[in-house]
Amino acid sequence: MGNTIRALVAFIPADRCQNYVVRDLREMPLDKMVDLSGSQLRRFPLHVCSFRELVKLYLSDNHLNSLPPELGQLQNLQILALDFNNFKALPQVVCTLKQLCILYLGNNKLCDLPSELSLLQNLRTLWIEANCLTQLPDVVCELRLLKTLHAGSNALRLLPGQLRHLQELRTIWLSGNRLTDFPAVLLHMPFLEVIDVDWNSIRYFPSLAHLSSLKLVIYDHNPCRNAPKVAKGVRRVGRWAEETPEPDPRKARRYALVREESQELQTPVPLLPPTNS
């Protein structure tokens with residue numbers, strides 16, 4: 001929906017707005033996709049549940065906090081976008097959509113995920129960023145085909161050891177959490193290709209050189225004393241990455257000590273820059 005139409009419907013009362021937005025959705029779309037993103041919906045339009053062959057359903061950026069049980073009729077659904085809504089709990093009906101491959105749940109108010117999510121054994125991509133998660137729900141570790149996990153901008157402090165069982169996982173995004181240590185479980189996941197721990201509180205990075213599939217590690221915006229060591233050809237994004245050679249450990253420690261002292265004194269102290277010598 002274009003910005004002009006969105007601006008117009010913003011001045012229409014909620015019920016009339018919903019009728020306006022969905023009035024043309026009386027027949028199954030030829031592309032098997034319904035996109036009601038940004039439509040100011042407060043309730044899901046039930047007649048969409050009659051589109052039994054629907055494959056993609058986008059409900060992003062609305063005011064939804066529940067879904068009707070009739071949604072379970074959409075057993076061919078492969079992509080479901082519920083991000084930027086008001087869900088405090090994932091509606092159980094979502095867990096009945098067993099053909100789902102991609103599920104967007106970001107920017108809601110979720111504190112946990114139901115155990116029934118494990119029924120979605122075809123799920124390849126799960127977006128749960130920007131919610132209220134203080135720990136990664138154990139049920140995520142049961143999604144055996146998961147390839148991409150976006151769990152940034154929550155309040156995670158650690159990851160469960162069971163995560164290593166997700167041997168299809170290739171990309172994990174953990175930026176903007178409360179990690180103080182690099183998650184140990186990731187060191188036992190050599191199949192990972194992308195690791196993002198940007199904007200956390202990690203002070204020390206272990207070597208990642210043994211992660212044979214790794215292609216990219218993002219570790220910027222951490223109070224780290226060292227850069228993670230990686231195998232040849234792996235791109236690093238953060239302090240002492242490709243642009244600036246990593247100093248030897250002795251100089252890195254000296255650099256960190258001066259930095260800590262300057263913070264404690266809260267007075268400007270010149271930092272010792274990394275050198276090549």
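Start by selecting Cys 141 in this predicted model. Cys 141 is buried, at 3% relative accessibility. Now add Cys 224 to the selection: it is buried too, with a relative accessibility of 4%. How many disulfides does the model hold? The count comes to zero. As general background, a disulfide is a covalent bond between the sulfur atoms of two cysteines.

**Stop 1: the whole chain**

Zoom out and colour by secondary structure. You should find three helices and ten strands in the protein chain. Following the sequence, the pattern reads α-α-β-β-β-β-β-β-β-β-β-β-α. Of the 277 residues in the chain, 46% are buried. If you like contact maps, here is a number to go with yours: among contacts with a separation of 6 or more, 24% join residues 24 or more positions apart.

**Stop 2: the sheet**

Next, select the strands. In what order do the ten strands lie in the sheet? They run β1-β2-β3-β4-β5-β6-β7-β8-β9-β10, in an open sheet with parallel pairing. Select residues 33-35 for β1 and 235-237 for β10 to see the edges: each of these strands has a single partner, so one side of each is left without a neighbour in the sheet. From one strand to the next, the twist averages 5 degrees. In general, strands of a sheet pair through backbone hydrogen bonds, either parallel or antiparallel.

For a close view of one pair, select residues 148-150 (β6) and 171-173 (β7), which pair in the parallel sense over three bridges. Show the side chains and look for Leu 149, which stands opposite Ile 172 in β7. Keep Ile 172 on display, as it returns at the next stop among the contacts of Leu 163.

**Stop 3: the loop between β6 and β7**

Select Leu 163, in the loop between β6 and β7. Is Leu 163 buried or exposed? Its relative accessible area is 0%, so Leu 163 counts as buried. Leaving aside residues within four places in sequence, Leu 163 is in contact with Leu 136, Cys 141, Ile 172, Val 185, Leu 186 and Met 189. That list brings back Cys 141, one of the two cysteines from the start of the tour. Try a distance label here as well: the C-alpha atoms of Leu 163 and Val 140 are separated by 7.9 Å, while the two residues are 23 residues apart along the chain.

**Stop 4: the nonpolar core**

Which residues have the most contacts inside the largest nonpolar core? They are Leu 57 and Leu 186, in a core of 71 residues. You have already met Leu 186 as a contact of Leu 163. Now centre on Leu 57 and show what surrounds it. Not counting residues up to four places away in sequence, Leu 57 touches Val 34, Phe 44, Val 48, Leu 71, Leu 74, Leu 77, Ile 79, Leu 80 and Ala 81. In soluble globular proteins, nonpolar side chains tend to be buried together.

**Stop 5: two buried asparagines**

Select Asn 131, placed in the loop between β5 (125-127) and β6. With a relative accessible area of 9%, Asn 131 is buried. Which backbone oxygen lies 3.1 Å from a polar atom of the Asn 131 side chain? It is the one of Leu 105. The backbone oxygen of Glu 129 lies 3.3 Å from a polar atom of that side chain. Beyond residues up to four places away in sequence, Asn 131 touches Leu 105, Gly 106, Asn 107, Asn 108, Lys 109, Leu 110, Ser 153 and Asn 154.

Then move to Asn 226, in the loop between β9 (216-218) and β10. Asn 226 is also buried, at 13% relative accessibility. A polar atom of the Asn 226 side chain lies 2.8 Å from the backbone oxygen of Phe 205.

**Stop 6: two positive phi angles**

Most residues other than glycine have a negative phi. For an exception, select Ala 130, whose phi is positive, at about 55 degrees. Ala 130 sits in the loop between β5 and β6 and is partly exposed, with a relative accessible area of 22%.

Finish at Lys 32, where phi is again positive, near 60 degrees. Lys 32 lies in the loop between α2 (14-22) and β1. With a relative accessible area of 37%, Lys 32 is partly exposed.

How values were computed
Residues are numbered from 1 along each chain as its sequence is written. This is a predicted model: local features need pLDDT of at least 70, side-chain atom pairs count only at pLDDT 80 or more; totals for chains, interfaces and linings use all residues. Side-chain values use heavy atoms; hydrogens and water are left out. Two strands pair if DSSP finds at least two bridges between them. Helices (H or I, at least four residues) and strands (E, at least two) are DSSP runs, numbered from the N terminus. Axes are lines fitted to C-alpha atoms, for helices over the stretch in contact, and angles run from 0 to 180 degrees between N-to-C directions. A nonpolar core is a set of buried Ala, Val, Leu, Ile, Met, Phe, Trp, Tyr and Cys residues joined through side-chain atoms within 4.5 Å. Buried means under 20% relative accessible area, exposed over 50%, partly exposed in between (1.4 Å probe, protein chains only). Contact means heavy atoms within 4.5 Å. A polar contact is a pair of N or O atoms within 3.5 Å; within protein, one must be able to donate a hydrogen and the other to accept it, and residues adjacent in sequence count only if both atoms are side-chain atoms. A disulfide is a pair of cysteine sulfur atoms within 2.5 Å.
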